[in-house]
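Reader: I'm new to this one and would like to learn how to read it. Could you take me through it feature by feature?

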Amino acid sequence: LEEKQHADLLKIEEFPIDKKMDKLVMLLKDRPWVLIDEIFLGETKKRGVITCFMALLELLKIGKLLARQDQDKREIRIYLNPENKDKDYHNLIKQQEEQENGK
C-alpha cells in the first residue's frame, strides 16, 4: 500500500472522554433523570460505549452525577447532583485533584 493509504488504515478513531462527559451532562440539562441505558444510545463502537462508561464513572466520582436504583434488579437512574448541578465539571475535577493531593 502507498504510505498514505497505510496511514489511513491505521488511523484510530478517537473518543475523548470530555466529549462524552459533555454528552452526559447535556442529556440531563432539561430532564430530572435518565436511565443508564440512555447514556449509550447512539454509540455504535465498542470504544464509544467504554468511553461513555468511563465518563459516567468520572462524573459520579467527582459528584456531578448521582446514580440510584430503587429496587433490586430495577433500572438505574442517573441524576444531576443537586449540590453540584450548576457547577462546571472541570472545576469539580480540579477540586477533587486538589483534595487528593492534600492542598
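Reader: Let's start with Ile-50: how exposed or buried is Ile-50?

Author: Keep in mind that this is a predicted model. The idea is to take the relative accessible area and see where it falls: under 20% is buried, over 50% is exposed, and anything in between is partly exposed. Ile-50 comes out at 43%, so it counts as partly exposed. You'll find Ile-50 in helix 4.

Reader: Which residues form a nonpolar patch on the surface with Ile-50?

Author: Ile-17 and Met-54 do, and the three together have about 250 Å² of accessible area.

Reader: And where does helix 4 lie?

Author: Helix 4 covers residues 46–61 and lies across strand 2 and strand 3. Its direction is at about 105° to strand 2.

Reader: In what order do the strands of the sheet come?

Author: Read across the sheet rather than along the chain. Here three strands make an open sheet in the order 1-3-2, with antiparallel pairing. Strand 1 (34–35) and strand 2 (65–68) are the edge strands, each pairing on one side only. Strand 3 (residues 77–80) is joined to strand 1 by two bridges. Take Leu-35: its bridge partner in strand 3 is Arg-77.

Reader: Next, charges. How many salt bridges does the structure hold?

Author: The general idea is that side chains of opposite charge can pair when their charged atoms come close. This structure holds five salt bridges. One of them joins Glu-43 to Lys-20, with the closest N and O atoms 2.9 Å apart. Glu-43 sits in the loop between helix 3 (36–39) and helix 4, while Lys-20 belongs to helix 2 (residues 17–27), so the pair ties together parts 23 residues apart in sequence.

Reader: Are Glu-43 and Lys-20 buried or exposed?

Author: Use the under-20% cut-off again. Glu-43, at 17% relative accessibility, counts as buried, and Lys-20 is buried too, at 12%. Lys-20 and Glu-43 also belong to a network of salt bridges that includes Lys-23.

Reader: Which residue does Lys-61 meet in a salt bridge?

Author: Lys-61 meets Glu-100, at 3.6 Å from N to O. That pair links distant parts of the chain: Glu-100 is in helix 5 (residues 89–100) and Lys-61 in helix 4, 39 residues apart. Lys-61 is partly exposed, at 47%.

Reader: What about Arg-77: which residue does it form a salt bridge with?

Author: With Glu-75, the closest N and O atoms being 3.9 Å apart. Arg-77 is partly exposed at 22% relative accessibility, and Glu-75 is partly exposed at 42%.

Definitions and conventions:
Residues are numbered from 1 along each chain as its sequence is written. This is a predicted model: local features need pLDDT of at least 70, side-chain atom pairs count only at pLDDT 80 or more; totals for chains, interfaces and linings use all residues. Side-chain values use heavy atoms; hydrogens and water are left out. Two strands pair if DSSP finds at least two bridges between them. Helices (H or I, at least four residues) and strands (E, at least two) are DSSP runs, numbered from the N terminus. Contact means heavy atoms within 4.5 Å. Axes are lines fitted to C-alpha atoms, for helices over the stretch in contact, and angles run from 0 to 180 degrees between N-to-C directions. Patches are made of residues with over 30% relative accessible area and no salt bridge: like charges are joined within 9 Å, nonpolar side chains (Val, Leu, Ile, Met, Phe, Trp, Tyr) within 5 Å. Accessible areas come from the Shrake-Rupley method with a 1.4 Å probe; for residues, only the protein chains shown count as cover. A salt bridge is a side-chain nitrogen of Lys or Arg within 4 Å of a carboxyl oxygen of Asp or Glu. Buried means under 20% relative accessible area, exposed over 50%, partly exposed in between (1.4 Å probe, protein chains only).
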